[in-house]
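Got your viewer ready? Here is a short walk through two metal sites, one selection at a time.

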Amino acid sequence: MTLVLCEMKFSPRRMFYSNKLHPCRDVILLLSFLAGVWTAPAHAEPMVSLKKPPASLEQWYKPANKRQVWLHTMFRLRREMQAIDEYAKTNALAADNQAALEKWIKRLDKDYNKIADMVPEWEKDIKPRLLPELEMFAEKGDAYRVAKTLKMIKRTCDDCHTYYQPLVTATYRSPHYDDIKVKKSDGRLQGYEDNMEQLSESVNRILIALDDGHNSIASKASQDLADQLQDLGGSCNGCHKEDEYPRERILGQATQQRFEKLQANIKQGLVEDSQKLMGEIAVTVCARCHNTHRIVYDLRNALLPEE
Ligand code: HEC
Ligand code: HEC
Ligand code: HEC
């Protein structure tokens, strides 16, 4: 499968600062966010196409594997490339620098070849013959050719990343919520989507009632909203495990205090103050959580429609 996201000429930096934004900008920015890099490097073609990663990659990720083996191999590759680059740049290599350089080249050789060992479908995308060349130039102390060869290796890294990285990150490393259930106070289990729809209804019920001066409805709905968020809070450790901080950050003491104040304001008929507090809750609770969770979730679904 090749997913053509958009066809346009662009330079990432110009898009970022330009006011006349192309509709594809958001997709690209989000993709970049997800992948942790710009989707298109400086020399990119004016079109970004994403390719579906080979099936054999799955075994190198959780839950099929105990560890994120593929990703950690990548982190090592980057460290090895940097070490070689930095040692090769120090002119008139001291003897121990030379030894270190050779050590890192051996490691790069091993890890670079692992790419095709782990995912045979990618064998044609790497150039292992460049490694013995790199070693030879290093032994000769030919810093110029070491740098040049390194650049050729780097190009194989970049090419693969341009086409594959976003979908791999979306497939194997972005959270999904289908298996996460919210336990209601009456013991029933609820999916995330239903919980979210209830939250949204409660928020709007409060805002409508405040607008129309129906204080008892606003009061009841704000109690419902607090309860629904309390229920939602029980689901956080489905992913965050025993880390209590994420829940505290979004649903902790500060949020509780806002809800207490909201109840008091509504009872006293302070409409404007209540509306202002609702705005704060929407930002510090809903938007703050959506910014880390929902954006990635929506993007994952958009990128991986077959699931
Ligand atoms: C875990 C942190 C979290 C909090 C807190 C949160 N949301 Fe969500 N929200 C999500 C995630 C994740 C999704 C996408 C998952 C889904 O829709 O199944 C989502 C989706 C939604 C959706 C779209 C539902 C749909 O039909 O696809 C709405 C509407 C929504 N949230 C409203 C709210 C409102 C309003 C609040 C605050 C009162 C809120 N959310 C608080 C995580 C959160
Ligand atoms: C044949 C494909 C392929 C080649 C060649 C390749 N990579 Fe990767 N690399 C990937 C994929 C796929 C990911 C995304 C992994 C993920 O997000 O879990 C990735 C991710 C990375 C990351 C992680 C980026 C981040 O912070 O999330 C680094 C670093 C990296 N690669 C370095 C390298 C280096 C250095 C080379 C070359 C020496 C290289 N890779 C060659 C496929 C490749
Ligand atoms: C399906 C998995 C999943 C669920 C459920 C989930 N999160 Fe997260 N959350 C993540 C991932 C992944 C990250 C980003 C990596 C990280 O920080 O652990 C994250 C990050 C965060 C962060 C930012 C990092 C930090 O520690 O400050 C906060 C805050 C957070 N989540 C709060 C919540 C709250 C509150 C809930 C429950 C209402 C929740 N999360 C439910 C997966 C999840």
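The tour below goes through a predicted model, one iron site after the other.

**Stop 1: ligand 3**

Start by selecting the iron atom of ligand 3 and show the protein atoms that donate to it. You will find NE2 of His-240 and NE2 of His-293, lying 2.0 Å from the iron. Now colour by secondary structure: His-240 belongs to helix α9 (residues 237–240), while His-293 sits in the loop between α12 (271–292) and α13 (294–303). The pair links distant parts of the chain, with the two positions 53 residues apart.

Next, turn on angle labels around this iron. The six donor atoms subtend angles of 89 to 180 degrees, so the arrangement is octahedral.

Are these two histidines buried or exposed? His-240 has 32% relative accessibility and therefore counts as partly exposed. His-293, at 22%, is partly exposed as well; the cut-off for buried is under 20%.

**Stop 2: ligand 1**

Move on to the iron atom of ligand 1. Which protein atoms coordinate it? Select SD of Met-196 and NE2 of His-290, at 2.1 to 2.2 Å. Met-196 is in helix α7 (residues 192–212) and His-290 in helix α12, so this pair too joins distant parts of the chain, 94 residues apart.

Label the angles here too: the six donor atoms span 85 to 178 degrees, which makes this arrangement octahedral.

Finally, switch on the protein surface. Met-196 is partly exposed, with a relative accessible area of 28%, and His-290 is partly exposed at 26%.

Technical notes:
Residues numbered from 1 in each chain as written. Chains lettered and ligands numbered in written order. Predicted model: local features only at pLDDT ≥ 70, side-chain atom pairs only at ≥ 80, totals over all residues. Heavy atoms only, no water. Donors = N, O, S within 2.8 Å, 3.2 Å for Na, K, Ca; no water. Tetrahedral: all angles 85-135°; square planar, octahedral: opposite > 155°, others 65-115°. Helix = DSSP H or I, 4+ residues; strand = E, 2+ residues; numbered from the N terminus. Buried < 20%, exposed > 50% of the residue type's maximum accessible area, 1.4 Å probe, protein only.
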